[in-house]
Amino acid sequence: MTKEFNISKEEAIGRINDQWEGLDWNDDINKDDYDIRYHELPEDWAYIIYFGHESQWWKKNKEDLIPKPYPKK
């Protein structure tokens, strides 16, 4: 996100933490190959975290996208 969206490392870390807040990474589903978290590329997660999952970022021109507000309100 720092390179792609020209944001600080602190903001990128904050956005990642907000995205995964409350998720138990040690639960049994993490051992399942069908967990959705393992079916996206890191680049895709960067866009999902920055613009939102419903933004359909893959269909649009980047200039037309609006980042999710940060920090969370």
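The paragraphs below lead through the structure from its overall layout to individual residues. The model is a predicted one, and its single protein chain of 73 residues, of which 30% are buried, contains three helices and zero strands. Read from the N terminus, the order of elements is therefore simply α-α-α. Among the contacts in the chain with a separation of 6 or more, 43% join residues that lie 24 or more positions apart.

A convenient place to begin is helix α2, which covers residues 9-20. This helix has twelve residues, and the distance from its first C-alpha to its last is 17 Å, close to the 16 Å expected at 1.5 Å a residue. Its buried residues are Glu11, Ala12, Gly14, Arg15 and Trp20, and these pack against α1, residues 2-5, as well as against α3, residues 42-51. The spacing of some of these positions can be read with a general rule in mind: an α-helix has 3.6 residues a turn, so residues three or four places apart point the same way. Just after the end of α2, glycine 22 adopts a positive phi of about 85 degrees.

The relation between α2 and α3 deserves a closer look. Their axes come within 10 Å and cross at roughly 85 degrees, and because a crossing angle of 65 to 115 degrees counts as roughly perpendicular, α2 is described as roughly perpendicular to α3. On the side of α2 the contact is made by Glu11, Arg15, Ile16, Gln19 and Trp20, while α3 contributes Trp45, Ile49 and Tyr50. Sorted by class, this contact has five nonpolar residues, one polar residue and two charged residues.

From this contact the reader can turn to the largest nonpolar core, which has 14 residues. The members that touch the most other members are Met1, Phe5, Ile7, Tyr47, Tyr50, Phe51 and Trp57. Helices α2 and α3 each supply at least two residues of the core, and its largest share, seven residues, comes from α3.

Two residues of the α2 and α3 contact, Arg15 and Tyr50, can be followed further through their own neighbours. Arginine 15 lies in helix α2 and, with a relative accessibility of 7%, counts as buried because that value is under 20%. Leaving aside its neighbours within four places in sequence, arginine 15 is in contact with Met1, Ile7, Ile49, Tyr50, Pro67, Lys68, Pro69 and Tyr70. Tyrosine 50, when residues up to four places away in sequence are not counted, touches Met1, Phe5, Ile7, Glu11, Arg15, Pro67 and Lys68. The lists for arginine 15 and tyrosine 50 can thus be traced side by side in the model, with Met1, Ile7, Pro67 and Lys68 appearing in both.

The segment after α3 holds several further residues that can be visited in turn. Serine 55 is placed in this segment and is buried, with a relative accessible area of 11%; apart from neighbours within four places in sequence, serine 55 is in contact with Lys60 and Leu65. Isoleucine 66 also lies in the segment after α3, but at 69% relative accessibility this nonpolar residue counts as exposed, because the value is over 50%. The C-alpha atom of isoleucine 66 is separated by 8.9 Å from that of tyrosine 50, a residue 16 residues apart from it along the chain.

Finally, a few backbone features merit inspection against a general background, namely that most residues other than glycine have a negative phi, and most peptide bonds are trans. Asparagine 6, found in the loop between α1 and α2, has a phi near 55 degrees, which is a positive value in a residue other than glycine, and at 70% relative accessibility asparagine 6 counts as exposed. Glutamine 56, in the segment after α3, likewise has a positive phi, of about 50 degrees, although it is not a glycine; with a relative accessible area of 34%, glutamine 56 is partly exposed. The peptide bond from tyrosine 70 to proline 71 is cis, with omega near 0 degrees, and proline 71 belongs to the segment after α3.

Note on methods. Residues are numbered from 1 along each chain as its sequence is written. This is a predicted model: local features need pLDDT of at least 70, side-chain atom pairs count only at pLDDT 80 or more; totals for chains, interfaces and linings use all residues. Side-chain values use heavy atoms; hydrogens and water are left out. Helices (H or I, at least four residues) and strands (E, at least two) are DSSP runs, numbered from the N terminus. The expected span of a helix is 1.5 Å times one less than its number of residues. Buried means under 20% relative accessible area, exposed over 50%, partly exposed in between (1.4 Å probe, protein chains only). Contact means heavy atoms within 4.5 Å. Axes are lines fitted to C-alpha atoms, for helices over the stretch in contact, and angles run from 0 to 180 degrees between N-to-C directions. Angles under 35 degrees count as roughly parallel, over 145 as roughly antiparallel, 65 to 115 as roughly perpendicular and the rest as oblique. A nonpolar core is a set of buried Ala, Val, Leu, Ile, Met, Phe, Trp, Tyr and Cys residues joined through side-chain atoms within 4.5 Å.
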